[in-house]
Amino acid sequence: MAALAIVGGNIARVAESTLNRSEISAGVIALKADYENQLQVTPEAKMQRAIVLGQKVSSINTQVPNIDQLRSALAMNLSRFKDLTVLGTGSMLQTPCNFLAETETYRKKRKYGVKETSVVRTTEENASSNGDDRERVRKALMTFDALRRNLMNEDEFCKELGGGARRPDLKAGSIMMDKGQWINRGRRFIGPVPGVHVGDHFYFRMELCVIGLHGPSQAGIDFITAKNNQWNEPVAISIISSGGYEDDDDGGDVLIYTGQGGNNYIADKKQSFDQKLERGNLALERSMHYGVEIRVIRGVKDNMSPSGKIYIYDGLYKVEQSWLDKGRSGCGVFKYKLHRIPGQPEIGSAILKNTRVWKAQPQSIPDLLHPDISLRIEKLPVRLSNNVDNEKGPPHFEYTSKPLRYQNSLVQLDSSEGCMCVGGCGLVYCLCAQRNGKQIPYNSNGILIKGKSLIYECNEQCRCPPSCRNRVTQRGLNVHLEIFRTSDKRWGVRSWDPLAAGTFIAEYTGQVFPIEEQAAICNSDSEYILNLKHAQKGTEWGSVSDILCEQQQQQEEGSNPAFPPLNFLIDANKFGNVSRFIKHSSCPNLLMQFVLHDHLDIRFPHVMLFARDNIPPLTELTFDYGSAPASYSEESGENRVLVKLEPLLEI
């Protein structure tokens, strides 16, 4: 007889995978008879034992450490056979059995797909009209990325102590699902997803699942089953085109998409057998028949992405044609020709492609006024362009990459203020980590993990190298920035690079004055003065204390140094850098972070700007200046003069 077991009261097969339905049923009957006739135990005793018949009876402790996981996996594996009898629940596993070598086959796998409870057909107009939907999407993505960064940081700490690595993105998605923080989980959308804009960037497939843009965490075709739609046939609602099939042909507005299946992912990832017209392939064909809109997400390789790819939502397409063809490997493949629906914003993946060309070939930049207004002060050139009017550039100022002058004397460093991490700073013995609440504020990729009241970076007294992960802002500008003319005929800043949340952008530089000199320096020509008294603290950014356990909350509360007093102004009228052109917004995509590295005077920390969200290329950068004066109007663009219209503050 094949190996059968009663595990936790559930009968489950643990050996040969070739058993058919009748053989399993016969085995169950024999097992019950043997159990009741030979052992003659009471029903209560049955719930305290597990009997194993068949081959390979041995200890399971060395193979499956989690008995609850084993019970669930074995029971679930045969749950599809309705005539299997459940003898009881809640029993302890006393007589263990040998598990198959391929234990992954029986491991309980979490299903990340979107739960189908209702189907909603949307249009671009009604999906984009509600600002609350956009904020829900932003919040969900920020929560996901905060969890992922924190879990990644924990993994790096475990590695220092000899531990192993996990997939922080999958773990973050799992935690959010368990906490009920996946949005749109109770609805399937045909058409655009409310709150998701064309051109939005994502760095992990799991992000698409969290916001309901694409349900499966692995499959490239997301579809609604026949029983859950009005046509009573499966229809596709979204696809991911990332070059996983050799026969894909992407022309932007026209996409030739290869169906799923037939790929040899273990070996060379080429077609090794014919595809079948089922599941996603059938759903795409039916979507063509019923004219169903398909959301297209393109996966583009990117060396700076933490996953190695960027996933870009490029809008809605319709399947115009489908056919069976012979692929390059000689196997049968289903192909689908999709056309982009007109009237949508520009394709996000095309924008990314263009900016990559501009970086490689600066002469191809349209409407360029100056190739580098920093005059090589920055490591990367800061371009200046205008395709709106005839303005040739902003008024003259002297470009500086650091604060030019402090009015007061500063508390300087001494030889005892540096760490001794010769090879680079870690988390265990680093003095600078202790100053930061026993944490390094950045991960190994130089990404800010969470907002802090104050960051102590390594300084000139430290023995760690310039490449140390705790010297991020000292390395200067590392993204390609452009000063451009905005539609309201003012100057703004945008990036040519896709920016992951937590990326360092620039320092806000200029002349530094104590706040009591506000009245003296504010006059009719003062347009670029930043009053730090109004600065948002930003310590809630990246916090996961409301999701994780109470212990995590206590750790976060104890990890922030004292918040600096911020009784100073930065005047960027005569001296400044690219950051002086970054506009104010009440819904910003950048955040301010205060940093010390060349001195220890908390009265005058450096003002650093980091990406608050994942920011696509050519998106205008903004940050929140704080409380604006009564005359401020975000729509008119009069957003720079935050000091001269205010009364002198009481100190």
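## The four-stranded sheet

In this predicted model, an open sheet is built from four strands with mixed pairing, and their order is β14-β15-β19-β20. Its edges are formed by β14, covering residues 368-370, and β20, covering residues 491-495; each of these strands pairs on one side only. From one strand to the next, the twist averages 35°.

Strands β19 and β20 run antiparallel and are joined by five bridges, with β19 spanning residues 481-485. Within this pairing, Arg-485 of β19 stands opposite Trp-491 in β20.

## A charge over a ring between β19 and β20

The same region contains a contact between a charged side chain and an aromatic ring. Arg-494 lies over the face of Phe-484, at a distance of 4.2 Å from the ring centre. Phe-484 falls within the residue range 481-485 of β19, while Arg-494 falls within the range 491-495 of the edge strand β20.

## Aromatic pairs and one cluster

The structure contains 11 aromatic pairs. One of them joins Phe-397 and Tyr-399, whose ring centres are 6.3 Å apart and whose planes meet at 40°, an arrangement classed as tilted. The angle is neither under 30 degrees, as stacked rings require, nor over 60, as edge-to-face rings require, and the pair is therefore assigned to the tilted class. Both Phe-397 and Tyr-399 are buried.

These two residues belong to one aromatic cluster, together with Tyr-528 and Phe-581. A charged group also meets this cluster: the charged end of Arg-580 sits over the ring of Tyr-528, 4.0 Å from the centre of that ring.

Notes
Residues are numbered from 1 along each chain as its sequence is written. This is a predicted model: local features need pLDDT of at least 70, side-chain atom pairs count only at pLDDT 80 or more; totals for chains, interfaces and linings use all residues. Side-chain values use heavy atoms; hydrogens and water are left out. Two strands pair if DSSP finds at least two bridges between them. Helices (H or I, at least four residues) and strands (E, at least two) are DSSP runs, numbered from the N terminus. Axes are lines fitted to C-alpha atoms, for helices over the stretch in contact, and angles run from 0 to 180 degrees between N-to-C directions. Rings of Phe, Tyr and Trp (its six-membered ring) pair if their centres lie within 6.5 Å; planes under 30 degrees apart count as stacked, over 60 as edge-to-face and the rest as tilted. Buried means under 20% relative accessible area, exposed over 50%, partly exposed in between (1.4 Å probe, protein chains only). A charge sits over a ring if NZ of Lys or CZ of Arg is within 6 Å of the ring centre and within 35 degrees of the ring normal.
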